[in-house]
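Below is a brief report on the fold of one protein chain. It starts with a sheet and its helices, then turns to a hairpin, loops and overall figures.

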Amino acid sequence: MPDTMHSSAHTSPTRVAILASSDKTQQLLSELLEGAGLEIVARDLPSDNFLSLLESVSADVLLVDLSEETGRETDIIDTLLDYDKLPILFNDSSPASGGANALWAKKLARKLAELVCEHAPVTAATILPEPVSEPTLETAAVADSVSPNITTTTLPAISETAAAPNLARDQPLDAASKPPAVKTPRSKLEKPEGAAVNFWVLGASLGGPQAVRQFLAAVKPDLPVAFILAQHIGANHISLLAEQLDRVTPFKVLAGRSGYLLRHHEVVLAPADKSISITEDGYLSLGPAPEKAIYSPSVDDAMIAVAKRYGNMAGTIVFSGMGDDGARGCEAIAEHGGIVWAQDVDSCVISSMPDQARKTNTVTYSANPRMLADQLYRYYSDAIT
């Protein structure tokens, strides 16, 4: 699809495509935005053919309204997470619910035009302060440096007696015995109160959002683990993915930022356009991504960073995805005494990444996402009780 982004010097109307849950909502949005001077070039109900429709029109921006129950909202958002050709604006409150008027339409039109003119990602936020009766709009794009305003809560540190054993390949967890000693010397630097002790990397690509959602939905709230999710995804969609995952899991889900203290009971999303490392005292550090990086974010790099810092207190799970990203990282986790699991073939959309992980002979357990979550809880059950 050709790049149809306007510069600020262009005066032609912003061309908008609308994806809405009902014909009524489509009609209302179209009338309001056309009245505000925008051009509607496509509108449709949620369907498998919507992306094909987008490819056939010269839209500048996509407006999505899924506020009414569609029964497929999760699948639709998963699809849009992989769509990087247009800026996307999500409307949290349907105009059909009341409060939408000419003034609201002008504000919406201005925000849509700004997305097109700026082209660069913008921080996910309410577009303008609105009266309670007016709908709130949020963008799906995020800034290059994500700094969400999140209040953190200090969590009790889990004793290192909760360390996970390094299991023999494909040996059932409940039949495995613990290794005699830690393989990787641990830092003597005292960590801040609440810093994570047990740390797992979740690596995923195509089909990953669905699998990770199922896994995190089954995670128990008292599981003494911190997660970092390295999901191949467009940089504009990290914030949206975090928001979607946060709705289904008892863990707090947030986009990663430099200087953030990594804690148990949280899932931190690796930024797509940054490299990550972890300081000795447990803080996330972000740097420029390698210029010739094949995968973004790199599952391998996330695993290697965690392996170096957490040693045999680390683990990883490789979920659905295409390619071999994560294979090198699995070897690093295992070499430092950590644990390597993978999603099984039958539950994957694409099993290439888990299959490549299994070829390294480091994977000790394979199952569907819910079973992986259950097994992880049993794995730490001694520490929890």
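## Helices on the sheet

In this predicted model, helix H5 lies across five strands: S6 (199-204), S7 (226-231), S9 (266-269), S12 (314-318) and S13. H5 runs at about 165 degrees to S7. Helix H6 (residues 238-246) lies across S7, S8 and S9. Its direction is about 180 degrees to S8.

The sheet beneath this description is open and has seven strands. Their order is S8-S9-S7-S6-S12-S13-S14, and the pairing is parallel. Strand S8 (252-255) and strand S14 (365-367) are the edge strands, each paired on one side only. On average, neighbouring strands of this sheet are turned by 20 degrees against each other, direction ignored. Strands of a sheet pair through backbone hydrogen bonds, either parallel or antiparallel.

How many bridges join S13 to S14? Three bridges join strand S13 (residues 339-343) to S14, and the two run parallel. Ala 342 has Ser 366 in S14 as its bridge partner.

## Helix against helix

H5 also meets a second helix, H10. The axes of H5 (residues 208-217) and H10 (residues 369-379) come within 7 Å. They cross at roughly 35 degrees, and the crossing is right-handed. From H5, the contact uses Ala 211, Gln 214 and Phe 215. From H10, it uses Pro 369, Arg 370, Leu 372, Ala 373 and Leu 376. By class, the contact of H5 with H10 has six nonpolar, one polar and one charged residues.

## An antiparallel hairpin

Strand S10 (residues 274-278) and strand S11 (residues 284-288) run antiparallel and are joined by five bridges. Lys 274 has Pro 288 in S11 as its bridge partner. Ser 275 stands opposite Gly 287 in S11. S10 and S11 form a hairpin with five residues between them. Gly 282 sits in the turn, with a positive phi of about 95 degrees. In a regular strand the side chains alternate between the two faces of the sheet.

## Positive phi in the loops

Which loop holds His 265? His 265 is found in the loop between S8 and S9. Asn 361 lies in the loop between helix H9 (352-358) and S14. Both residues have a positive phi and neither is glycine. The table lists them.

| Residue | Phi |
|---|---|
| His 265 | near 70 degrees |
| Asn 361 | near 60 degrees |

Is His 265 buried or exposed? His 265 has a relative accessible area of 18%. The cut-off for buried is under 20%, so His 265 counts as buried.

## The whole chain

The secondary structure of the protein chain comes to 11 helices and 14 strands. The chain has 385 residues, and buried residues make up 51% of them. The exposed surface is about 16,600 Å², with carbon and sulfur atoms supplying 50% of it.

What share of contacts joins residues at least 24 apart? Among contacts between residues at least 6 apart in sequence, the share is 75%.

How values were computed. Residues are numbered from 1 along each chain as its sequence is written. This is a predicted model: local features need pLDDT of at least 70, side-chain atom pairs count only at pLDDT 80 or more; totals for chains, interfaces and linings use all residues. Side-chain values use heavy atoms; hydrogens and water are left out. Axes are lines fitted to C-alpha atoms, for helices over the stretch in contact, and angles run from 0 to 180 degrees between N-to-C directions. Helices (H or I, at least four residues) and strands (E, at least two) are DSSP runs, numbered from the N terminus. A crossing is left-handed if the near helix is turned anticlockwise from the far one by less than a right angle, and right-handed if clockwise. Contact means heavy atoms within 4.5 Å. Ala, Val, Leu, Ile, Met, Phe, Trp, Tyr, Cys and Pro count as nonpolar, Asp, Glu, Lys and Arg as charged, and the others, Gly among them, as polar. Two strands pair if DSSP finds at least two bridges between them. Buried means under 20% relative accessible area, exposed over 50%, partly exposed in between (1.4 Å probe, protein chains only). Accessible areas come from the Shrake-Rupley method with a 1.4 Å probe; for residues, only the protein chains shown count as cover.
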